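Good morning, everyone. Please look at the screen for a moment before I start.

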Amino acid sequence: MRLLISLLLMTIGGAGMYSVTVVLPRIQNDFGVARGDASLPYTLTMVGFGLGGILMGRLSDRFGVMATVLVGSIGVGAGFIAAGASSSLWQFSLAHGVLIGLLGTSATFAPLVADTSQWFDRRRGMAVAICMSGNYLAGAVWPPVLQHFIDSAGWRHAYMGIGVFSLLVMPPLALMLRRHAPATQFASGGAAPVRAHWLTGSDLARPLGFSPAALQGLLCVAGVACCVAMAMPQVHIVAYCGDLGFGAARGAEMLSLMLGMGIISRLASGWISDRIGGVRTLLLGSVLQGIALLLFLPFKGLVPLYVVSGMFGLFQGGIVPAYALIVREYFAPHEAGARVGTVLMATLFGMALGGWMSGVIFDFTGSYHAAFLNGTAWNLLNVSIVGFLLYRSRRESGLLRRIAS
């Protein structure tokens, strides 16, 4: 039941991540700005979302997840109402960056992921994947719903409707999370559970032979790199379809398909990660994401774009949950909220950077071709880092086996 409630809260709060991608063409026209400027609200949302992940993670570690989500409920609701009432791009951007990103959606992401990881042991990968599917479920549900109300009532009324809905529904759900997490695996008097075979020999004081700060730094760089690549289709697919002459509605459907397939990917990656670990799951997802990103270059027809969008969602959906699992595998449990929030902040910063960068590249070149290539280059950086971490993991295991023999 707790997992279901967390899934619902993340789905509702996740509206803040995807609303800008749907209204981007309307914002560009209404405020009379360039494509890069119209991408700025998304960038600020992701930056606020990322910074808020650290803030809300620490708040959750100290006061519990219920209080954190209550704060987020107010942030999401007030943010959508303020954005709908904005009269300029900077007001719209501020509402997204501060209220929706920093104080709102962030409270329904990292804290819920960290909390879920504390309630499960044997099937932690699947539980975290189900929880984080709310992020993609939001992407599958909200774009077509929002597009419908934008076409029928205008984007301002659609935004205000989401704000009122969030204020009415989210607080009662948050109150159902008032129970604190059970004792962690290192609670006094309790025996620590047997660690998975891929963690044999791993030392929490020197994970993979690094200091905790160094390993977290590498994970943050990897998170930025993979999500710069991830942001290109997710942020600009609606505008891309408009440029190709297919219309914004087709683009919203592709975004919905992409993120709907991401739900399947997250569940599958949760099952896989319970068997091979977070690092290997992350490497697999990153390689497949790079392949799918390259497929956008030769295929520009309507049906091929639907197919490639579905493939992209299916390949990349398990990437971000893998970071949360790596944190729980290689760091102390009582640091889960802050460390998960920090690493997820990096992934969100990558989404913010990728969304803005792709818009600027489009303005400079007049097409998205170079933007897709830019995303591929960042994806290669991610693959290199994760491959290095896997090498260190296998080397540590080999050294341990030689010492034991």
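**A walk through the chain**

Let's begin with the fold: the chain has 16 helices and zero strands. How does its radius of gyration compare with the globule rule? The radius of gyration is 20 Å, and the rule gives 22 Å for 405 residues. Those two are close, so the chain is as compact as a globular protein of that length. Keep in mind that this is a predicted model.

Now the outer dimensions. Along the principal axes, the C-alpha atoms fill a box of roughly 70 × 45 × 30 Å. The accessible surface comes to about 15,400 Å². Carbon and sulfur atoms account for 70% of that surface.

What about the inside? Of the 405 residues, 57% are buried. Next, take the contacts between residues at least 6 apart in sequence. Of these, 85% join residues at least 24 apart.

A quick word on charge. The chain carries 25 positive and 14 negative charges. Their mean positions are 9 Å apart.

Now some single residues. Start with leucine 24, in helix α2, which runs over residues 15-31. Is leucine 24 buried or exposed? Its relative accessibility is 1%, so leucine 24 counts as buried. Leaving out residues up to four places away in sequence, leucine 24 touches Arg35, Ala38, Ser39, Val235 and Ala239. Take serine 39 from that list. Serine 39 is 15 residues from leucine 24 in sequence. In space, C-alpha to C-alpha, the two are 7.0 Å apart.

Next stop, serine 106. Where does serine 106 lie? It is in the loop between α6 (89-104) and α7 (110-119). Serine 106 has a relative accessible area of 0%, so this loop residue is buried. Which residues does serine 106 touch? Again leaving out residues up to four places away, they are Phe49, Gly52, Gly53, Met56, Ile100, Gly101 and Pro111.

Last, the cysteines. A disulfide is a covalent bond between the sulfur atoms of two cysteines. How many disulfides does the structure hold? Zero. Look at cysteine 226. Its closest cysteine sulfur is in cysteine 227, 3.6 Å away. The cut-off for a disulfide is 2.5 Å. So 3.6 Å is too far for a bond. Cysteine 227 is in no disulfide either. Both residues are buried: cysteine 226 has a relative accessible area of 0%, and cysteine 227 has 1%.

That's the tour. Thank you.

Conventions
Residues numbered from 1 in each chain as written. Predicted model: local features only at pLDDT ≥ 70, side-chain atom pairs only at ≥ 80, totals over all residues. Heavy atoms only, no water. Helix = DSSP H or I, 4+ residues; strand = E, 2+ residues; numbered from the N terminus. Rg over C-alpha atoms; globule rule 2.2 N^0.38 Å. Buried < 20%, exposed > 50% of the residue type's maximum accessible area, 1.4 Å probe, protein only. Contact = heavy atoms within 4.5 Å. Areas by Shrake-Rupley, 256 points an atom, 1.4 Å probe, with all protein chains shown as cover. Lys, Arg positive; Asp, Glu negative; His and termini not counted. Charge placed at Lys NZ, Arg CZ, Asp CG, Glu CD.
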